[in-house]
Amino acid sequence: MIQDIDTRFDAIQREKGEIPKEIEKLKGDLDLLKRAMEQDLSTLEELKETRRKAERELEEMEPRFKKSKSRLNEVKSNKEYQAILKEIEELKELISQKEEMVIGCMEEIEIQEKECATNNLRWEESQREFQIKEQESSQRMREFDEEVQSLSGRRGELSQQVDQDLLKRYDSLRIHLKGQVVVPVIEFVCQGCHLGIPPQQYNDLIRGDSLQSCHNCNRIIYWGGDEG
Ligand SMILES: [Zn+2]
């Protein structure tokens, strides 16, 4: 009975240990998502800056283009005319390159903005999930604490009813051994260490008039019947 309570204590302890790890993992996922979002946002900013720069350059080219065109009317030689024509062609080429760049930027900005919006939705959802998980976890922690308290009470009551020497032995075994301290022996085999016990001791166990412990693992043993 006391052992049942202690087994439950151990289980609670294990589960309580897992809860912070789960929370920590979720937090790590959130941080990753946050970093991805920041990365996408900065990519978006870079695209916008590239677009602004290209637009400024286009604005600056406009007067140069007009000036070259008006100079065409004032030329005196064919050579000069050809030179200005070439200049105008080059400017035209440059302008169309910049315009294409602006259009390309705008398309990428649109894609990137959608990505950021999706990220935001996912972020909000993940945060909601995290908060729910966190609340559930602290609720579970509280329930565990309540259970531990009531188990402690019951253990106290039971402790007063059992043989005090046996309890002492049990408690000191519990400190050194992991898991069950009181185990059955089934068909000569101790279920704690899975090693055999001598036939004489086995007969004593079946008679059940003395307290026995396993010579291999020291656990307190009792006869568990002959069926596995
Ligand atoms: Zn044993």
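A salt bridge is counted here when a side-chain nitrogen of Lys or Arg lies within 4 Å of a carboxyl oxygen of Asp or Glu. The model is predicted, so that local features need pLDDT of at least 70 and side-chain atom pairs count only at pLDDT 80 or more, while totals for chains, interfaces and linings use all residues. Residues are numbered from 1 along each chain as its sequence is written, and side-chain values use heavy atoms, with hydrogens and water left out.

The structure holds 19 salt bridges, among them the three tabulated here.

| Pair | N to O distance |
|---|---|
| Arg-71 and Glu-87 | 3.9 Å |
| Arg-174 and Asp-6 | 3.5 Å |
| Glu-49 and Arg-52 | 3.1 Å |

Helices are DSSP runs (H or I, at least four residues), numbered from the N terminus. Arg-71 lies in helix H1 and Glu-87 in helix H2 (residues 78-161), so their salt bridge ties together parts that are 16 residues apart in sequence. Arg-174 in helix H3 (residues 164-176) and Asp-6 in helix H1 (residues 2-71) are 168 residues apart, and this pair links distant parts of the chain. Glu-49 and Arg-52, by contrast, both lie in helix H1, 3 residues apart, or about one turn of the helix.

Burial is given as relative accessible area (buried under 20%, exposed over 50%, partly exposed in between, with a 1.4 Å probe and protein chains only). Asp-6 is buried at 2%, whereas its partner Arg-174 is partly exposed at 23%. Arg-71 is partly exposed at 33%, and Glu-87 is partly exposed at 32%. Salt bridges that share partners join Asp-6, Asp-10, Arg-155, Asp-171 and Arg-174 into one network.

Notes
Helix = DSSP H or I, 4+ residues; strand = E, 2+ residues; numbered from the N terminus.
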